[in-house]
Amino acid sequence: MTKVIEINGITGQVIEREPTQAEMDQRTKDATKRTALAKAQADAQTAKDKSRQIILDRLGITADEAALLFG
Amino acid sequence: MALTTYTNGEVLTATSLNDNFTFAAANPPAVASGLTLINSTTISTAGTTSVNDVFSATYDNYKIFFNQTASSTAQTLSIRLRVSATDATTNYTTQRIGSQGASAFGGLNEGGTTDFFINAINSTKGFFETTLFSPFAAAPTKYLTTSLGENGGGLLNMVVVGAHTDSTSYTGFTLLATTGTISGTLKVYGLANS
């Protein structure tokens, strides 16, 4: 687990310490959230790519040709 | 060398006048600045950096600058508001727009709603400038960050705006390196109210 730096804005004192259990739990929770978020975004992109390809297939044109048509 | 003053009828010599010019050049009048440095800290290999007691009734708005000198891995940076040694972990909303190479992108809450997203970083090229609007007021805090980051070896610029919707008075913030550690210089300034 990475260290925590705490800065006292009034005195300028800097303390380096080990994270508390609550801070470690929060970091784990954050990591889980980020993984889920990244997966959801990747899944959404994959679904979008699939839908696009279905339309291209119906039109019988390539993605490059579609880009030329629709900019 | 002191400033020389004269009385009526006194002879003003070239030497004395030149000394006064020298004095004036060495002692320019204080120029009022809109920015006041509240805290400057160089952080080294930190995963979490909490800056306490930098927001107060003295200033409404604040600037935070971070110049990254190292990142242990490819990761993202974000900020959480903080008071009484506790970070606020909910009720953030952000809208971002960015570009990498010729590609532009944007989105709402793409980094989630548990912090103010800043950017993706790696290596040593990152920096950000954040403006926090009224974090000390017991009202929602507004947020604006412009930054340079790195993603997949390419530079990534990002502008993120947002708000923290709690009506809580915050006195500090936490800078989160989400996966590994970061090093760099962190500065907090207060913006003069008038």
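## A hairpin in chain B

In which sense do strand β6 and strand β7 of chain B pair, and over how many bridges? In this predicted model, β6 (residues 92–100) and β7 (residues 103–108) of chain B run antiparallel to one another, and 6 bridges join them. Together β6(B) and β7(B) form a hairpin, with 2 residues between the strands.

Let's look at the turn itself. Gln100(B) sits opposite Ser103(B) of β7(B). Gly101(B), in the turn, has a positive phi of about 60 degrees.

## Positive phi in residues other than glycine

Two further residues of chain B are worth a look for their backbone angles. Asp53(B) has a phi near 55 degrees, which is a positive value in a residue other than glycine. You will find Asp53(B) in the loop between β2 (48–52) and β3 (61–71) of chain B. Its relative accessibility is 36%, so Asp53(B) counts as partly exposed.

Ala85(B) is also a residue other than glycine with a positive phi, here near 65 degrees. The loop that holds Ala85(B) links β4 (75–83) and β5 (86–87) of chain B. Is Ala85(B) buried or exposed? Ala85(B) counts as exposed because its relative accessibility is 57%, and the cut-off for that class is over 50%.

## Two buried threonines on strands

Now for two threonines in chain B. Thr41(B) belongs to strand β1 (residues 35–46) of chain B, and with 7% relative accessibility it counts as buried. Its side chain makes a polar contact of 2.8 Å with the side chain of Asn39(B). Which residues touch Thr41(B), once neighbours within four places in sequence are left aside? From chain A come Ile7(A) and Val14(A), while chain B supplies Gly184(B), Thr185(B) and Leu186(B).

Thr131(B) is part of strand β9 (residues 127–133) of chain B. Thr131(B) is buried because its relative accessibility is 6%, and buried means under 20%. Not counting residues up to four places away in sequence, Thr131(B) touches Tyr62(B), Lys63(B), Lys142(B), Tyr143(B) and Leu144(B). With Lys63(B) there is also a polar contact between the two side chains, at 2.9 Å. Tyr189(B) makes a useful reference point: Thr131(B) and Tyr189(B) are 58 residues apart in sequence, yet their C-alpha atoms are 9.6 Å apart in space.

## Leu37 of chain A and its contacts

Over in chain A, Leu37(A) lies in helix α1 (residues 21–59). Leu37(A) counts as partly exposed because its relative accessibility is 24%. Which residues does Leu37(A) contact, leaving aside its neighbours within four places in sequence? They are Glu110(B), Gly111(B) and Gly112(B).

Ile7(A), already met as a contact of Thr41(B), gives a sense of the distance along chain A. Leu37(A) and Ile7(A) are separated by 30 residues in sequence and by 31 Å in space, C-alpha to C-alpha.

## A nonpolar patch on the surface

Back in chain B, which residues make up the nonpolar surface patch of about 370 Å²? Tyr6(B), Leu12(B), Leu17(B) and Phe21(B) do.

Of these, Tyr6(B) can be placed in the segment before α1 (14–26) of chain B. Tyr6(B) has a relative accessibility of 32% and therefore counts as partly exposed. That value also fits its place in the patch, because patches are made of residues with over 30% relative accessible area.

Methods: Residues are numbered from 1 along each chain as its sequence is written. Chains are lettered from A and ligands numbered from 1 in the order in which they are written. This is a predicted model: local features need pLDDT of at least 70, side-chain atom pairs count only at pLDDT 80 or more; totals for chains, interfaces and linings use all residues. Side-chain values use heavy atoms; hydrogens and water are left out. Two strands pair if DSSP finds at least two bridges between them. Helices (H or I, at least four residues) and strands (E, at least two) are DSSP runs, numbered from the N terminus. Buried means under 20% relative accessible area, exposed over 50%, partly exposed in between (1.4 Å probe, protein chains only). Contact means heavy atoms within 4.5 Å. Patches are made of residues with over 30% relative accessible area and no salt bridge: like charges are joined within 9 Å, nonpolar side chains (Val, Leu, Ile, Met, Phe, Trp, Tyr) within 5 Å. Accessible areas come from the Shrake-Rupley method with a 1.4 Å probe; for residues, only the protein chains shown count as cover. A salt bridge is a side-chain nitrogen of Lys or Arg within 4 Å of a carboxyl oxygen of Asp or Glu. A polar contact is a pair of N or O atoms within 3.5 Å; within protein, one must be able to donate a hydrogen and the other to accept it, and residues adjacent in sequence count only if both atoms are side-chain atoms.
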